[in-house]
Each structure stands twice: as C-alpha cells, then as structure tokens.
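Here are some short exercises to work through with the structure open beside you. Try each task before you read its solution.

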Number of protein chains: 2
Amino acid sequence: VSRLEHEIREQPEALARLLADERGQIAALARALAGRGAGSVMIAARGSSDNAARYAQYLLGERLGLPVALAAPSLESLHGAGAVPGRAGDVVLGISQSGRSPDVVGVLDAARAAGTATVAITNDAGSPLARAAELVVELGVGEERSVAATKTYTGSLAVLAALVAELRDDDADRAAVRRLPAVVAEAVDAAFAAGGFAAAAHVVAVGRGYNLATAMEIALKVRELSGIVAEGFSSADLMHGPIAAVGPETLAVLVAPPGAARPSVLEAADAVRDRGASTLEIGEGAELPLPPGVPEWLSPVAAVVPGQVLALRLAALAGRDADAPAGLSKVTETR
Amino acid sequence: VSRLEHEIREQPEALARLLADERGQIAALARALAGRGAGSVMIAARGSSDNAARYAQYLLGERLGLPVALAAPSLESLHGAGAVPGRAGDVVLGISQSGRSPDVVGVLDAARAAGTATVAITNDAGSPLARAAELVVELGVGEERSVAATKTYTGSLAVLAALVAELRDDDADRAAVRRLPAVVAEAVDAAFAAGGFAAAAHVVAVGRGYNLATAMEIALKVRELSGIVAEGFSSADLMHGPIAAVGPETLAVLVAPPGAARPSVLEAADAVRDRGASTLEIGEGAELPLPPGVPEWLSPVAAVVPGQVLALRLAALAGRDADAPAGLSKVTETR
C-alpha cells in the first residue's frame, strides 16, 4: 500500500483527532474573532490550501454573510503593496500545511504591519507562518508524508467548518461537524469499493458554489499523481468559453452532491456529453457514491475523497508511483 | 479577413476613442470614489471580464494599496448570501461587455441592498448591469461581433488604468495611459509580423503579478478559438503541483515583459523546458515582441495582443473558423 493510500484511509481518524484536540483552540479563536465584530476576511494560500481557501470563501460568505478575498500573494512578495484589509474587525488568514511558503507568510506580515488580526491554519505549529500569526490552529493530523496533500486538505476544511459552527454558536452545526469523521469513513469505503476507472487523456472536474473547491482540488490531485492534464471549473465559468476544449477525449468528473449547486453542474454535464465527453458523477447514488444526509456546506469534506481515490487509480493506470510524482516536492517555497 | 482579425487590428483606434470619449466620465467616477475614502473593493465578472478583474486586483492593490476581492457570484445567485462589503468607502464593481450575465448583476443588486457604492464597466449602457449600478463607464469601443472578446478586454483594462491615474491624480500616470493606443498599435503590428507559430497539443500560458491576467486571457483565447486545451497559471502556482502535467507536447507561452514578475516567469520557463516543453516568449526583444518603455502596470494592455494573434494562428492551423468557435455564443447568461 502506498503512503498516499494509507493517508487517504487515515482521514476519518485524523479528523476525529483534530476535532477533539483542537476544540478548545477553535472555540478560543471564535471568541477572539467574534469580539472584534464583523469585518472582511482575506485568505492567503497556495496549492491545495488555496482550494481550502476557496471553500472558506463560500463557507464564510454563505453561513456568516462575510465578504472574503482570496489574496494575490505576489502583491506583497513582488511589490510590497500592503494591500490588506486594515479596518476594525478585519482578519487575514493564512493556510499552509507546511507553513513555509514565503509569499503566504508575507501577506500575514503585511497584515500585522497594518494592525490587522492574523490567524494561521497549519500542520506545523513551529513554522514561519505560525510564528507570523497572532492566533494559530494546528491541524494536528500527523505528519503528511505523501507529496500530494490529502488529510491536511480535509483537515483544513474541517477546521474552517468547526470555526464557523462556533461563530454561529449553533448546536445543530456543531453536531453536523462532529459527524464528519463517520461521514468521511463511509466515503472512503465507498470510493475504494468503486470500480470502472478508465484512463483518460484530459480530465475536467466540474463543481459550483461550495464544491468549486472540490473540483479544483480533485483536478490538482489527478494532475499531480497521474500527469494527466486535469482542470477544475465552476460549471458557470466552464460555459463562458473553456468548454471549447472539451471533446471525446475528455473525462468530466461531476461533483454533484445534493444542494443548490447541483442543477448547474448537471446542466454542464449535459453540455459536455453533447461534445462527446464521458462523465463520472460524485453524488448520492452516483457511480462514485457519497453518504446520504450531509448538508451542502459540509459536503466538500466528503466529496473530495472519491476524487483522491480516482487520482490514485489514474496514477496506477498511467504506471506512476503515487508517492513520487515526477518533479514535485512536498514544500514549494514560492517567493 | 475574419471579424476577429479586424477587431484585433481595431484595438488602437478603439482605445483612442474610449480614452477621449470617456475621459469626463472616468474623472467623475474618480471624484465620486475619492470622496468616499479608501475602503475595500469587490469585483464581479465572468470569462474575459474576470481576467480584467484579476488585472484590477493587482492595479488597485499595487498603485492604491486597496484590498480587492474577486466575487464568487454563485454566493448570491445560488444562496442569496449578501456577502458583499458594506462599510463606508467600499465599492462593488461589475465588469461585463454585454452587461447581461444575471449572476454578475446579482452581486451588484446585493451591494445596493447593503447600501454599498456600485459601479459598472460595460459595452452596453442600456444593459441590466448598467441599470443595476449607480455609476457606469461605457467602453464605447463599438459593437464587438466576434464571440471571442478582444477590444472589450483591452478597453476594460484601459478604463481601469485611466481610473487609477485619476485616483492617484498623477500626470505621469495620465501621460502613460494616453500613450496606450500608440503602444498597442506597435504591439499589433509586431504580432502580425511575427512568424514561426506551430500547432501544439497543450498550451500553458504563464505570467505573474500584473500579467497573471494576461496569461489567463491568452489561455482563454487560444482555447475558445482553437479548441486546444490551454491553461493560464501564475508561475508561483504552477510550481505548486500543476507543472506535473507539463511535458514535451506542451507549448508554454511566457508572458515576461520587464518588471518585478519577470524573474519568476523565467524561472518557471527553465522548469518547463526541463520537462521537455517548448516555449514562446512575449517580451521586449522576444519572439513575440512588445514595444519598449511600457511600465509594468500598463504592460497587460499590450502583452495580451500577441496572445490574441497566437490564438488566431492556432485556430487557422487547427482548421477552425475564428468567427464561429464550436458551441460558443457571445452572451452567456449564467444564473
């Protein structure tokens, strides 16, 4: 068994540990943020963590009505722009499993210089990112040895979801978050039991709303592990031009759990099938099945799992070593 | 000559007309925004206009120190989240050539409901987007008949640049903006004179900072017109995993005009060449040459032009009609 498969299977246990161990820290963070009043949020991240940031944009937007900006870290690293929110109640959040991307740290440094509250979510509490932030939530999912992030990605999503449940002070939300380890365990079992994966020359993962993050993360996993050109799209953006490059050689992965975004994804599915693409659906009762009864705002934590397994399968079909993706390293220090 | 080629060649004249006709409106908009004090900005857009929004994120960030959020329009259209900035000095901007994308209009509607200042940049002053906004800048570049946006894209960039020159109240900036039509005329001539375009199975356009927008817009043009899988990346993001799918079948288009971002793009160029990709550089003295002496903050207006011509050439090599991209329509009404 590859390290990657081990870490995919380890996710339920890692999430359970994280939610137990970090409960106090997440509640303290929620109290600190609530005391500042509602402002705007900017999130700095790269790679898989940037997909977690995309989830946070929907989560904080839909559940709390907060406007969220995804930072352009190059503004600070190339230009020293200081283009960060700086009013009362504003928060700048950095997400990085390693905590070692200098340009992400640079956004938090700019925020501190502006007097803005800074928060880090990282798997390394001793990292430069953790040191740059006033408040730190450690993922605590254990060392991630695969180059491809899996448990740190779902861990970041779970931290964000738990934080929002606390900020809303909603017991139904808290209970739904507590069910995540069991939900993800079901998703892992179902994904490894699924068959019928076939090689593809081009993969397009399609989601919308909450699961745009899932589509982008699945595309990144497939790409890193298999070397296949794989892209994630919002079903809305796909129709604004990019669908022109979808054809019979394309496998479209449809991230379509129940919820407000599903009709739009299914409409895009019809459009890509009209162009000859094959499709593979992630959803309740679909080819890649998800556990029933998960609310849309939590669905990304489970919906990414069949995509992680798909990436593993496509890597095997391509004869690639999932633990050693060609030319990639675990920590990418972009400046 | 295709309508598309005609519109690419028409850009210098369209920009000159736009900068003359809209000067008063842009100055009035600058006065209205300056009177509100510095807040944060959210921009809603889809397709090419979303690439213009990406330029605005760097432009307003670097030149004015303003934090800019690119809206997730689905938050309003799917969830009615009201997740827009709502404090004094905040502005919500919609960019759309047609002004007819319901989900972009929805973000402006949410902003008006929150009492936030709203601005539209559109080529149709009678469109729903223009009606939804308090302040409108019309592109006035004439009807764009090609499905692929060219003069409305460079027009949107020029409006943003002229607005920032007014907000900075800087005569050197104003003079640099006035030179844009001449600069773009040089870029058009040089691009149509360039040769050596060869078909590719996969195109990756790479930029960073200001020209991340250019890379994304070039990728979209190539994709729409030729049907080739073409993707735009920040050179920083490319190294965080996506480079795994770059190989000998990839043509990497390097957007590398002089400036702070150039070293990072050239570093990525070395990395993609190491994986066997061929490269084509856009820059001063490069294969696809740019006029000298253009400041980095204005370079995207010129740097996209050789990419537009590349897309036209790749469409011809693929036997496609540039005026009728398969399955696309001029107005995409995503809800």
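**Exercise 1. Strand pairing in chain B**

Find how strand β6 (residues 202–207) of chain B pairs with β7(B), then place the two strands in their sheet.

Solution. Keep in mind that this is a predicted model.
- Step 1: β6 of chain B runs parallel to β7(B), and six bridges join the two strands.
- Step 2: For a single pair to look at, take His202(B), which stands opposite Val229(B) in β7(B).
- Step 3: Now zoom out to the open sheet of five strands in chain B, whose order is β7-β6-β8-β9-β10 with parallel pairing. Its edge strands are β7 and β10 (288–289) of chain B, each of which pairs on one side only.

**Exercise 2. The matching strand in chain A**

Work out whether the residues of strand β6 (residues 202–207) of chain A are buried or exposed, and which way they point.

Solution.
- Step 1: Strand β6 of chain A is mostly covered, with six of its six residues buried.
- Step 2: On one side of β6(A) you will find His202(A), Val204(A) and Val206(A), while Val203(A), Ala205(A) and Gly207(A) point the other way; all are buried.
- Step 3: For the pairing, β6(A) joins strand β7 (residues 229–234) of chain A in the parallel sense over six bridges. Within β7(A), Val229(A) is the bridge partner of His202(A).

**Exercise 3. A loop residue**

Locate Ala45(A) and decide whether Ala45(A) is buried or exposed.

Solution.
- Step 1: Look in chain A at the loop between β1 (41–44) and α4 (48–64); Ala45(A) is found there.
- Step 2: The relative accessible area of Ala45(A) is 4%. The cut-off for buried is under 20%, so Ala45(A) is buried.
- Step 3: List the neighbours, leaving out residues up to four places away in sequence: Ala45(A) touches Asp50(A), Ala53(A), Pro73(A), Ile95(A) and Val104(A).

**Exercise 4. A glutamine that meets the other chain**

Find out which residues Gln57(A) touches, not counting residues up to four places away in sequence.

Solution.
- Step 1: Start in helix α4 of chain A, where Gln57(A) lies.
- Step 2: Gln57(A) has a relative accessibility of 2%, so Gln57(A) counts as buried.
- Step 3: The residues that Gln57(A) touches, beyond those up to four places away in sequence, are Val68(A) and Leu70(A) in chain A, and Leu70(B), Ala71(B), Ala72(B) and Leu75(B) in chain B.
- Step 4: Check the polar side too: a polar atom of the Gln57(A) side chain lies 3.2 Å from the backbone oxygen of Leu70(B).

**Exercise 5. The whole interface**

Describe the contact between chain B and chain A by its residues, its buried area and its salt bridges.

Solution.
- Step 1: Each side is counted in turn: 65 residues come from chain B and 65 residues from chain A.
- Step 2: The two chains bury about 4,800 Å² between them, and carbon and sulfur atoms give 56% of that area. On the chain B side, Arg87(B), Arg223(B) and His240(B) lose the most area to chain A, together 15% of what that side buries.
- Step 3: The rule finds eight salt bridges across the interface. Asp90(A) and Arg87(B) meet in a salt bridge through their side chains, at 2.5 Å, N to O.
- Step 4: There are also 18 residue pairs in polar contact across the interface, both residues at pLDDT 80 or more.
- Step 5: Finally, sort the side of chain B that touches chain A by class: 32 residues are nonpolar, 20 polar and 13 charged.

Note on methods:
Residues numbered from 1 in each chain as written. Chains lettered and ligands numbered in written order. Predicted model: local features only at pLDDT ≥ 70, side-chain atom pairs only at ≥ 80, totals over all residues. Heavy atoms only, no water. Contact = heavy atoms within 4.5 Å. Buried area = accessible area lost by both parts, 1.4 Å probe. Salt bridge = Lys/Arg side-chain N within 4 Å of Asp/Glu carboxyl O. Polar contact = N/O pair within 3.5 Å; in protein donor to acceptor, adjacent residues only side chain to side chain. Nonpolar A, V, L, I, M, F, W, Y, C, P; charged D, E, K, R; others polar. Buried < 20%, exposed > 50% of the residue type's maximum accessible area, 1.4 Å probe, protein only. Helix = DSSP H or I, 4+ residues; strand = E, 2+ residues; numbered from the N terminus. Pairing = 2+ DSSP bridges.
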